[in-house]
Amino acid sequence: MSQGKRRLTITTVVDAEECAVLRVAGELDVHAERQFLDESGAVIAAGHRFLVLDLTALRFCDSRGLNCLLALEWLCRRLNGRLLLASLGVRVLHVLLVTRAVDALACFPTVGHALAAVPAGIRPAWPPGSGMSSEGAAGDGDGRYAGADEGVKPGDEDAHRPYDREQP
């Protein structure tokens, strides 16, 4: 295999004590499998039992990439945590729906919605740089939940509900 241009990039967006948000961009396939498992596995090994993957820029995911996601879910669950997928593109969501992997993976429309599913005591501030601690993220005095985007409030049922599974 040639050492050409990287087909996958993984960027740490938030690195809190037990929760991390990673942005995954490019193609998750057989050529990127080892890199993905090494880099994301290192984040879990560092004590991040809740892992949110922002998949906005993930253009392609084949069966090997799907196996990687399922392996990460298994690792997080072994640590009493969870893998949370956010902002899936149409192609990636289609792969999850066709394979029914969407039943095993928690998928959310945004990173903020995914973070709302993380226990409040370990939930990092969102968006990054907002200066809110996980304790202060529950509300900012006006009832608006500052720990997630798009006005997600603590009692918002849709914030904790993954994508509707009936979608094509």
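**Figure 1. Helices H1 and H2 are roughly parallel to each other in this predicted model.** The pair consists of helix H1, residues 33–45, and helix H2, residues 63–78. Their axes come within 10 Å and cross at roughly 15°. Angles under 35 degrees count as roughly parallel, and the two helices are therefore described in that way. The crossing in which H1 passes H2 is right-handed.

**Figure 2. The contact between H1 and H2, residue by residue.** On the H1 side, the residues that take part are Glu 33, Phe 36, Leu 37, Ser 40, Gly 41 and Ile 44. On the H2 side they meet Arg 64, Cys 68, Leu 69, Ala 71, Leu 72, Leu 75 and Cys 76. Sorted by class, this contact has nine nonpolar residues, two polar residues and two charged residues.

**Figure 3. Close-up of Glu 33 in helix H1.** Glu 33 has a relative accessible area of 17%. Buried means under 20%, so Glu 33 is buried. Not counting residues up to four places away in sequence, Glu 33 touches Arg 64 and Cys 68. Both of these partners are among the H2 residues that meet H1.

**Figure 4. Close-up of Arg 64 in helix H2.** Arg 64 is partly exposed, with a relative accessible area of 36%. Leaving aside neighbours within four places in sequence, Arg 64 is in contact with Asp 29, Val 30 and Glu 33. One of these, Glu 33, lies in helix H1. A further residue to look for in this view is His 31, which is 33 residues away from Arg 64 in sequence. In space, His 31 and Arg 64 are 9.2 Å apart, C-alpha to C-alpha.

**Figure 5. Ser 87, a residue other than glycine with a positive phi.** Phi of Ser 87 is near 55°. Ser 87 is found in the loop that runs between strand E4 (82–86) and helix H3 (90–98). With a relative accessible area of 17%, Ser 87 is buried.

**Figure 6. Arg 100, also a residue other than glycine with a positive phi.** For Arg 100, phi is near 65°. Arg 100 lies in the loop between H3 and strand E5 (106–108). The relative accessible area of Arg 100 is 59%. Exposed means over 50%, so Arg 100 is exposed.

**Figure 7. The cis peptide bond between Trp 126 and Pro 127.** Omega of the bond that joins these two residues is about 0°. Pro 127 is placed in the segment after helix H4 (111–116).

**Figure 8. The whole protein, as a setting for the close-ups, has four helices and five strands.** From the N terminus on, the elements run β-β-α-β-α-β-α-β-α. The protein has 168 residues, of which 45% count as buried. Glu 33 and Ser 87 are buried, whereas Arg 100 is exposed. About 8600 Å² of the protein is exposed, and carbon and sulfur atoms supply 52% of that area. Among contacts between residues at least 6 apart in sequence, 64% join residues at least 24 apart.

Definitions and conventions. Residues numbered from 1 in each chain as written. Predicted model: local features only at pLDDT ≥ 70, side-chain atom pairs only at ≥ 80, totals over all residues. Heavy atoms only, no water. Axes fitted to C-alpha atoms, helices over the stretch in contact; angles between N-to-C directions. Parallel < 35°, antiparallel > 145°, perpendicular 65-115°, else oblique. Left-handed = near helix turned anticlockwise from the far one by under 90°. Contact = heavy atoms within 4.5 Å. Nonpolar A, V, L, I, M, F, W, Y, C, P; charged D, E, K, R; others polar. Buried < 20%, exposed > 50% of the residue type's maximum accessible area, 1.4 Å probe, protein only. Areas by Shrake-Rupley, 256 points an atom, 1.4 Å probe, with all protein chains shown as cover.
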